[in-house]
Each structure stands twice: as C-alpha cells, then as structure tokens.
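Please look through the sequence and the model shown here before reading on. The report after them is written for someone who has not met this structure before.

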Amino acid sequence: MNTAQGDHPHFTPEDQHLVDEIANVYRVVDPVPATLVERLRFALALESPEFEVLRPQEEDVLPAGVRGGEDSRTITFDSEILTIMISVSARDEHAVRVDGWLAPPGDHLVELRCGEGAHVVRADDQGRFVLDVVPRGLSQLVVRQGLDDPAQATILAVTPSLIL
C-alpha cells in the first residue's frame with residue numbers, strides 16, 4: 001500500500017490504509033488535469049522572459065447567425081504598451097480563423113504558437129492581421145518587432161495560453 005509520497009515511517013498499517021483511501025478519493029473527485037504538464041511546457045517555451053504579458057480583458061461569444069455561427073468569439077488582451085483584440089471564427093471542427101487588431105498599430109509580426117508549430121503574419125499599418133486557417137487547441141499569441149527574420153525580432157508582448 002504505497003502512496004505517491006511513499007509510506008510514512010510512523011504510520012500504522014491502518015493509518016496508511018486511510019491515507020491511501022483519501023488519496024484515491026482525490027484522484028477520483030479532483031484529478032490532476034490530463035493536459036496540465038503539456039500546458040505548463042507550452043507556457044514556458046518562450047525564449048525570452050523580457051516581454052509584456054497581456055491580460056485578458058473581455059470575451060464575448062457572438063450569437064448564432066453572426067459570421068462563423070455559434071462558434072465565434074471576441075477576446076481582448078491588454079497591457080500598458082499594447083492591446084490586442086481577436087475575433088475567432090470556426091472554419092470546421094479542426095480549424096478556426098483569427099482576425100486581429102493591434103493598438104497602437106505599428107510594424108509588428110504576430111505569431112500564433114500552437115501544438116503544430118507557429119503561424120506568423122505581419123500586421124498592416126492599421127494594426128490588422130489575419131490567420132486564415134489555424135488548428136483548434138491550445139494556442140498563444142506572441143507580438144514581435146516587425147523584422148524580416150522573426151527569429152531575430154524581439155518579443156514585445158505575449159498572451160496567456162488560450163484554447164481556440
């Protein structure tokens with residue numbers, strides 16, 4: 001009767017049995033999320049800690065019949081230096097379209113990180129960007145300087161992980 005921590009040296013067999021039973025209850029009632037380790041690795045994968053982390057400000061689900069049907073939503077992220085508003089519309093059961101706007105506008109690269117890799121687009125002079133077909137799932141937006149080589153561009157801001 002081992003627990004995840006191992007047997008306690010001062011427990012009687014009855015004590016250990018009770019501890020094991022309590023641990024089993026927690027495994028059933030409040031299990032560790034299956035994707036926890038994946039989400040932590042994803043969030044920690046950025047190469048530089050010197051950037052602004054955007055805070056989600058609002059999320060609106062659009063009613064049926066509005067572009068993309070029932071599976072459309074608008075999310076706004078904000079920080080002292082940048083605001084990002086994105087509209088996420090369903091393409092099909094596997095993909096979405098992301099329309100976004102940066103404020104203030106500027107020459108920025110917008111990278112959408114997901115399990116399949118990164119999708120990078122350049123925001124236009126009005127701050128608008130479009131990621132036409134991206135896979136559903138765990139994602140994160142990264143805003144970089146608008147250099148031609150994304151690997152050389154400094155990260156300006158990132159969003160928390162989100163599920164598309």
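The report goes from the overall fold to the core, then to the charged pairs, and ends with some single sites.

**Overall fold**

The structure is a predicted model, and its protein chain contains two helices and eleven strands. Read from the N terminus, the order of elements is α-α-β-β-β-β-β-β-β-β-β-β-β, with the two helices ahead of the eleven strands. Of the 164 residues in the protein chain, 33% count as buried, and the chain exposes about 10,100 Å², of which carbon and sulfur atoms supply 55%. Among the contacts in the protein chain with a separation of 6 or more, 47% are between residues that lie 24 or more positions apart.

**The nonpolar core**

In soluble globular proteins, nonpolar side chains tend to be buried together. In this model, the largest nonpolar core has 21 residues, and the members that touch the most other members are I84, I86, V98, L102, F129 and L164. The elements that each give two or more residues to this core are β3 (72–78), β4 (83–90), β5 (95–103), β6 (108–114), β8 (128–135) and β9 (138–145).

Which residues does V98 touch, not counting residues up to four places away in sequence? With those neighbours set aside, V98 touches I86, S87 and V88, then F129, V130, L131 and V134, and also L164.

**Salt bridges**

The structure holds six salt bridges, and three of them are set out in the table below, each with its N to O distance.

| Salt bridge | Distance, N to O |
|---|---|
| R91 and D132 | 2.3 Å |
| R97 and D132 | 2.8 Å |
| D107 and R122 | 2.7 Å |

D132 appears in the pair with R91 and again in the pair with R97. The salt bridge between R91 and D132 links distant parts of the chain, since R91 sits in the loop between β4 and β5 while D132 belongs to strand β8, 41 residues away. Both of these residues are partly exposed, R91 with a relative accessible area of 42% and D132 with one of 36%.

In the salt bridge between R97 and D132, R97 lies in strand β5 and D132 in strand β8, so this pair ties together parts that are 35 residues apart in sequence. Is R97 buried or exposed? R97 has a relative accessibility of 17% and counts as buried, because the cut-off for that class is under 20%.

The salt bridge between D107 and R122 brings together the loop between β5 and β6, where D107 lies, and strand β7 (residues 117–122), which holds R122, so parts that are 15 residues apart in sequence are tied to each other. D107 is partly exposed at 49% relative accessibility, and R122 is likewise partly exposed at 37%. Salt bridges with shared partners also join R91, R97, D99, R128 and D132 into one network.

**Single sites**

The loop between β5 and β6 also contains P104, and the peptide bond joining A103 and P104 is cis, with omega at about 0°. Most peptide bonds are trans.

S79 has its place in the loop between β3 and β4 and counts as buried, with 7% relative accessibility. Which backbone atom does the side chain of S79 reach? The side chain of S79 reaches the backbone nitrogen of I81, at a distance of 3.2 Å.

On the surface, L18, I22 and Y26 form a nonpolar patch, and together these residues have about 330 Å² of accessible area. Y26 belongs to helix α1 (residues 13–29), and Y26 counts as exposed because its relative accessible area of 54% is over the 50% cut-off.

L156 is found in strand β10 (residues 155–158) and is partly exposed, with a relative accessible area of 27%. In sequence L156 and H108 are 48 residues apart, whereas in space their C-alpha atoms are separated by 9.1 Å.

How values were computed:
Residues numbered from 1 in each chain as written. Predicted model: local features only at pLDDT ≥ 70, side-chain atom pairs only at ≥ 80, totals over all residues. Heavy atoms only, no water. Core = buried A, V, L, I, M, F, W, Y, C linked by side-chain atoms within 4.5 Å. Buried < 20%, exposed > 50% of the residue type's maximum accessible area, 1.4 Å probe, protein only. Helix = DSSP H or I, 4+ residues; strand = E, 2+ residues; numbered from the N terminus. Contact = heavy atoms within 4.5 Å. Areas by Shrake-Rupley, 256 points an atom, 1.4 Å probe, with all protein chains shown as cover. Polar contact = N/O pair within 3.5 Å; in protein donor to acceptor, adjacent residues only side chain to side chain. Patch = residues over 30% accessible without salt bridge, like charges linked within 9 Å, V, L, I, M, F, W, Y side chains within 5 Å. Salt bridge = Lys/Arg side-chain N within 4 Å of Asp/Glu carboxyl O.
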